[in-house]
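Reader: Got a minute to go through this model with me? I'd like to talk about helix packing and then the empty spaces.
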Amino acid sequence: MNSLLTKSLLFLLLSLITACTHTKTANTAYEPKPYVKLTHPEWSKNAVLYQLNTRQFTKEGTFNAAQQQLPRLKELGVDIIWLMPINPIGEENRKGSLGSPYSVKDYRKVNSEFGTLEDLKAFVNKAHDMGMYVILDWVANHSAWDNWLRYEHPDWYDRDYKGQFRPTPWWDWSDIIDFDYSKPALREYMTESMKYWVKEVGIDGYRCDVAGFVPVDFWNNVRRELDNIKPVLMLAEWESRDLHAEAFDMTYAWSWSEHMHKIVNGHADVSALFVYYSWNESAFPAEAYRLVGVANHDTNAWEGTMFENYGDALEAVIALSVVGEGFPMIYNGQEAGNGKRLAFFERDPIKWQKHPIGDLYQSLFALKHSNEALWNGQFGGRMVHVPNSAPKQVLSFVRAKGNDKVFAVFNLSKAPQTVSFKEPLFLGKYTDAFSKQAMELTQTTELTIPAWGFRVFVK
């Protein structure tokens, strides 16, 4: 009798344990899991990025000359400097007389055109002393034809159907040849090379060229190994959610630029931006930094200057790139109103001068730094659409975080617009971010915005 009772109680206990375990497992299966597993460096939360083309940045085209300009960049409001590739450039199949910086001859040396390793260290140290950070442009997908790896490790390279080295397929990148990332030894060499610059020079991260052409699992491991040295910022030249999980803080927002071009050229209206902002909010994690700007080395060289690409809409597009969601960037020379396409394979120094575009960027960057609603990723406030009476021409939205709030109105059309607004989100007392005039916005408020004009109100 006792034995039977003991067996019954044991069976009951096991059943309860099984049921509890099953319930716990089932419940856990439905719990949301964080997609982003990396941690952004603290200094990136309200930062802006400046792309520096060493070859064209100064008359001398050197690190030492660029270092003399750091106080000006600090005053502009720059936090992070992205140096285009600093490595020696290949000579075999070179384009132009100086070649492309993205045709790397040696991953662990400095291009003597720009100076020495000690010059680079001095530049980085000076930037750090001034509270700025420096990331290097890294070209992992391919190398120059005459990179020493081609001779010492030919098996690390991709081959075409004839068994020959090949450039990236379908592009006219005839000055480079692709790596084969199925080779563990290549992955180790490239990772150790990236660690070298963090350890030796103290750089703070990387902008990674055509990052989507390189396997994600390679980047995931790179990020882990770099973070073991120091917190780094990683920017992918690619537009993909997958890269944000474990490898990259930031990806390009190419589609934002594409929609802006269509609007400015009359091929779309404001609703085109709804597509981007909806995709950005719904498909990308809140922690994702998205790089937005009106120019970079590629667009300036191959598509046109900021004036060619945006014309009368330029200032509005610049303002939206900073006030809207995204991680804003500026390409060297924009602040001087550079009106030429900088030569890519030759020396073509920027002509420096004071310009209203520089003043606009300086004001916008100061606003971004001080207003938590405009900070990057999860540190800032989401854009919330405020419906208005001219929905095809005018974009209006609120961003709020903590005690800060911004209400922004952009007329993205070639005619003046007088608009009123719906819903109560925008109501309140504000200060105009540029005129500094106090203003109360009510349900009956109407704003007249000139063609390609904008208003930004803060509280």
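Reader: At what angle do the axes of α9 and α13 cross?
Author: The α9 and α13 axes cross at roughly 150° and come within 12 Å. Axes here are lines fitted to C-alpha atoms, for helices over the stretch in contact, and angles run from 0 to 180 degrees between N-to-C directions. Helices (H or I, at least four residues) and strands (E, at least two) are DSSP runs, numbered from the N terminus. One caution: this is a predicted model, where local features need pLDDT of at least 70, side-chain atom pairs count only at pLDDT 80 or more, and totals for chains, interfaces and linings use all residues. Residues are numbered from 1 along each chain as its sequence is written, and side-chain values use heavy atoms, with hydrogens and water left out.

Reader: So are α9 and α13 roughly parallel or antiparallel?
Author: Roughly antiparallel. Angles under 35 degrees count as roughly parallel, over 145 as roughly antiparallel, 65 to 115 as roughly perpendicular and the rest as oblique.

Reader: Which residues make the contact?
Author: W256, M260 and V264 come from α9, and V317, L320 and S321 from α13. Contact means heavy atoms within 4.5 Å. By class, that contact divides into 5 nonpolar, 1 polar and no charged residues. Ala, Val, Leu, Ile, Met, Phe, Trp, Tyr, Cys and Pro count as nonpolar, Asp, Glu, Lys and Arg as charged, and the others, Gly among them, as polar.

Reader: How far apart are the axes of α9 and α10?
Author: They are 9 Å apart, and the two helices pack at about 170°. α9 and α10 are therefore roughly antiparallel to each other. On the α9 side the contact uses S255, W256, H259, M260 and I263, while α10 brings A272, L273, V275, Y276, Y277 and W279. The class split there is 9 nonpolar, 2 polar and no charged.

Reader: Back to α13, what about its packing with α14?
Author: The axes of α13 (residues 314–323) and α14 (residues 356–370) come within 10 Å and cross at roughly 20°, so α13 and α14 are roughly parallel to each other.

Reader: And which residues meet there?
Author: From α13 you have L314, E315, I318, A319, V322 and V323, meeting I357, L360, Y361, L364, F365 and K368 of α14. That contact has 10 nonpolar, no polar and 2 charged residues.

Reader: Okay, switching to empty space. What volume does the largest pocket have?
Author: About 980 Å³. On a 1 Å grid over the protein atoms alone, a cavity is a set of points where a 1.4 Å probe fits but cannot get out, and a pocket is an open set with protein on both sides within 12 Å along at least five of seven lines; lining residues have an atom within 4 Å of a point. Grid points are joined across faces, edges and corners, and a volume is the space filled by probe spheres set on the points.

Reader: Which lining residues are closest to its centre?
Author: W173, E237, H297, D298 and W302, out of 37 that line the largest pocket. The largest share of the lining, 5 residues, comes from α11. By class, the lining has 19 nonpolar, 10 polar and 8 charged residues.

Reader: What lines the second largest pocket?
Author: Residues including R72, E75, L76, W352, H355 and D359. α4 (70–76) and α14 are the elements that give two or more residues to this lining. The second largest pocket has a volume of about 240 Å³, and its lining divides into 3 nonpolar, 4 polar and 5 charged residues.

Reader: How many cavities of 30 Å³ or more turn up?
Author: A search of the whole structure finds 1. The largest cavity has a volume of about 50 Å³, and its lining residues include N300, T305, Y331 and N338.
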